[in-house]
Amino acid sequence: MAACQQPYSQGKALYESACGSCHMTDGTGLAGLIPPLSGSDLIRTRPDLLPCIIQNGMEGKLLVNGQEYDQVMAPVTGINAVEMANILNYIQSEWGDPGLFYSPDRIQQILSTCGSGPVNLGNTGAE
Ligand code: HEC
């Protein structure tokens, strides 16, 4: 933990630089093009998908809060497990389920199951 004295503010800063240009600083996305993280049903119901989305990117149709998206998110590179945990804990505490917590170990464990290639939900969306 010595490496991250300020997990929340590091998560916020990393979110803003790595994700905010698309998903917007306030997490609302871009209508019809970039799905929101703020209030996204998917981030609450499928938390284990998030590390794979960041590592492998995402494509294909998906439903977020009843709206369909069909764009491509490129993999986000250069983020280690501690940084990814901080980003995702920030996202969950701001816009998802504040009770969800990712440890760097959990991130690493999930990342080992992602396989290769972008996440594609094939329009099944979040249950
Ligand atoms: C270049 C633009 C871009 C960047 C940068 C980006 N995303 Fe995405 N993201 C997208 C698009 C576009 C989709 C929808 C992909 C599709 O339609 O299949 C998406 C989908 C998602 C989803 C699933 C849908 C939802 O809204 O719940 C999550 C979660 C997500 N991104 C998180 C992140 C995180 C976290 C970062 C930063 C580490 C990030 N994204 C960076 C464009 C981006």
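The following questions and answers concern a predicted model of a protein chain with a ligand.

Me: In what order do the helices and strands of the protein chain run from the N terminus on?
Reply: Residues are numbered from 1 along each chain as its sequence is written. Because the model is predicted, local features need pLDDT of at least 70 and side-chain atom pairs count only at pLDDT 80 or more, while totals for chains, interfaces and linings use all residues. Helices (H or I, at least four residues) and strands (E, at least two) are DSSP runs numbered from the N terminus, and the protein chain has 6 helices and 2 strands. Their order is α-α-α-α-β-β-α-α.

Me: What is the radius of gyration of the protein chain?
Reply: The radius is taken over C-alpha atoms, and the globule rule is 2.2 Å times the number of residues to the power 0.38. For 127 residues that rule gives 14 Å, and the chain is close to this, so it is as compact as a globular protein of that length. The C-alpha atoms fill a box of roughly 40 × 30 × 25 Å along the principal axes. The radius of gyration is 14 Å.

Me: What percentage of the residues in the protein chain is buried?
Reply: A residue is buried if 20 or more other C-beta atoms, placed from the backbone, lie within 10 Å of its own; it is exposed if 12 or fewer do, and partly exposed in between. Of the 127 residues in the protein chain, the buried ones make up 27%.

Me: Which element gives the largest share of the largest nonpolar core?
Reply: A nonpolar core is a set of buried Ala, Val, Leu, Ile, Met, Phe, Trp, Tyr and Cys residues joined through C-beta atoms within 7 Å. The largest one has 19 residues, and Met84, Ile87, Leu88 and Ile91 have the most contacts inside it. Two or more residues each come from α3 (41–45), α4 (50–56), α5 (81–95) and α6 (104–111). The largest share, 6 residues, belongs to α5.

Me: Which residues does Leu88 touch, not counting residues up to four places away in sequence?
Reply: Two residues are in contact if their C-beta atoms, placed from the backbone, lie within 7 Å. Leu88 is one of the residues with the most contacts inside the largest nonpolar core. Beyond its sequence neighbours up to four places away, Leu88 touches Leu50 and Tyr102.

Me: Which residue in the turn of the β1–β2 hairpin has a positive phi?
Reply: Strands pair if DSSP finds at least two bridges between them; here 4 bridges join β1 (residues 61–64) to β2 (residues 67–70), and the two run antiparallel. Across the pair, Lys61 stands opposite Asp70 and Leu62 opposite Tyr69. The hairpin has 2 residues between its strands, and the residue with a positive phi, of about 50°, is Asn65.

Me: Is Asn65 buried, exposed or partly exposed, and why?
Reply: Asn65 is found in the loop between β1 and β2. Because it has 14 C-beta neighbours inside 10 Å, Asn65 counts as partly exposed.

Me: What is the phi of Met24?
Reply: Most residues other than glycine have a negative phi. Met24 lies in the loop between α2 and α3, and counts as partly exposed because it has 16 C-beta neighbours inside 10 Å. Its phi is positive, near 75°.

Me: How many nonpolar residues does the shell around the ligand have?
Reply: A residue is near the ligand if its C-beta atom, placed from the backbone, lies within 6 Å of it. The ligand is surrounded by 27 residues, of which the closest are Cys19, Cys22, Pro35, Gln71 and Met73, and α2 (20–23), α3, α4, β1 and β2 each supply at least two. Ala, Val, Leu, Ile, Met, Phe, Trp, Tyr, Cys and Pro count as nonpolar, Asp, Glu, Lys and Arg as charged, and the others, Gly among them, as polar. The shell has 5 polar and 2 charged residues, and its nonpolar residues number 20.

Me: With which residues is Glu59 in contact, leaving aside its neighbours within four places in sequence?
Reply: Glu59 is found in the loop between α4 and β1. With 16 C-beta neighbours inside 10 Å, Glu59 counts as partly exposed. Its contacts beyond those sequence neighbours are Val72, Pro118 and Asn120.
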